Amino acid sequence: MRKMDKLRYPIGSFEFGKTYSPAQTREHIQVIERLPSELKKILRKIGRSHFDLSYRPGGWTARQIVHHLADAHMNAFIRMKMALTEPTPVIKPYEQDLWAQTADVVEMPVKVSVRLLSALHKRWVALLESLSEEDLEKGYFHPERNAIVLLPEAIALCAWHSQHHLAHLSIIAQKAADEKAAKQPKKDNKKLMSSMKTLSPASESEKARLSSSTKQAVGSVSQQSNDVEERPKMTRAEAIAKARAARLAKLAEQRRKAGGEEEVKPKMTRAEA
């Protein structure tokens with residue numbers, strides 16, 4: 001399969017004319033039932049900013065696919081109800097490519113059709129699970145195919161249709177992830193540059209403030225040094241006399257506390273003598 005065909009039919013094309021067992025039909029109904037929840041999950045991966053991204057050149061965007069699912073499944077639901085209530089009704093085909101270009105598609109938020117599909121599939125699955133063996137023998141006539149489509153085949157077609165477009169959305173989700181990854185290094189570089197600016201040299205005002213504080217600190221130390229230098233130094237004799245007076249005062253205090261009255265005359269040190 002060529003690359004473009006692989007993008008167009010990622011799970012392969014549907015094969016008409018096959019027969020299906022009741023077990024296979026139940027599996028197809030379960031696929032239809034799961035579509036709304038799986039659709040929500042994959043749309044979260046794509047992200048709102050990438051809803052107008054396409055899965056292939058010339059293909060539908062994610063927005064168009066979601067609205068197309070609502071259009072197609074509303075038609076399918078009505079066709080099946082007609083088959084159940086009318087004798088082999090002739091269904092009316094529609095131009096799906098043109099439907100995907102109307103204003104309710106290109107200008108409408110995807111959440112509108114997501115909600116529509118959630119409600120529609122609840123009713124649709126309730127109808128399909130109620131089908132009897134006799135009901136499964138009914139069908140409708142498709143004028144474009146010029147054939148009768150029995151309900152088991154119609155159900156299988158809708159299950160394939162669900163998975164077919166979910167696969168398209170998965171391709172878009174991967175493209176969106178690749179775009180985000182490509183932009184991430186640029187964001188990291190911006191963060192790095194911002195951090196480097198934070199660590200850059202201080203501004204001129206900050207430099208001036210720091211310079212002023214430094215000058216004040218140096219001036220304070222210098223003033224203290226000057227105060228020390230301005231005090232006159234004692235001679236050696238003055239220092240000895242001061243020390244002797246301090247010793248006499250200490251001995252007198254000790255004597256007083258001891259209750260003695262005798263005057264204490266300490267011997268002079270060699271330096272005092």
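**Figure 1. Helix α7 and the lining of the largest pocket.** In this predicted model, α7 makes the largest contribution to the lining of the largest pocket, with eight residues. If you follow the helix along the chain, α7 spans 151–198. Its partners, each giving two or more residues to this lining, are α3 (62–85), α4 (96–99) and β1 (139–142).

**Figure 2. The centre of the largest pocket.** Here we zoom in on a space of about 1,000 Å³. The lining counts 35 residues, and those closest to the pocket centre are His68, Gln96, Leu157, Trp160 and His161.

**Figure 3. Residue classes around the largest pocket.** What mix of side chains would a probe meet in this lining: how many nonpolar, polar and charged? Nonpolar residues number 16, polar residues 12 and charged residues seven.

**Figure 4. The second largest pocket and its helices.** This view moves to a space of about 340 Å³. Two helices, α2 (22–46) and α6 (110–129), each provide at least two lining residues. The largest share belongs to α6, which supplies four residues.

**Figure 5. Residues lining the second largest pocket.** For labelling your own view, the lining includes Lys40, Leu43, Arg44, Gly47, Arg48 and Phe51. Also in the lining are Arg63, Pro109, Val110, Lys111, Val114 and Arg115. By class, six of the lining residues are charged, five are nonpolar and one is polar.

How values were computed
Residues are numbered from 1 along each chain as its sequence is written. This is a predicted model: local features need pLDDT of at least 70, side-chain atom pairs count only at pLDDT 80 or more; totals for chains, interfaces and linings use all residues. Side-chain values use heavy atoms; hydrogens and water are left out. On a 1 Å grid over the protein atoms alone, a cavity is a set of points where a 1.4 Å probe fits but cannot get out, and a pocket is an open set with protein on both sides within 12 Å along at least five of seven lines; lining residues have an atom within 4 Å of a point. Grid points are joined across faces, edges and corners, and a volume is the space filled by probe spheres set on the points. Ala, Val, Leu, Ile, Met, Phe, Trp, Tyr, Cys and Pro count as nonpolar, Asp, Glu, Lys and Arg as charged, and the others, Gly among them, as polar.
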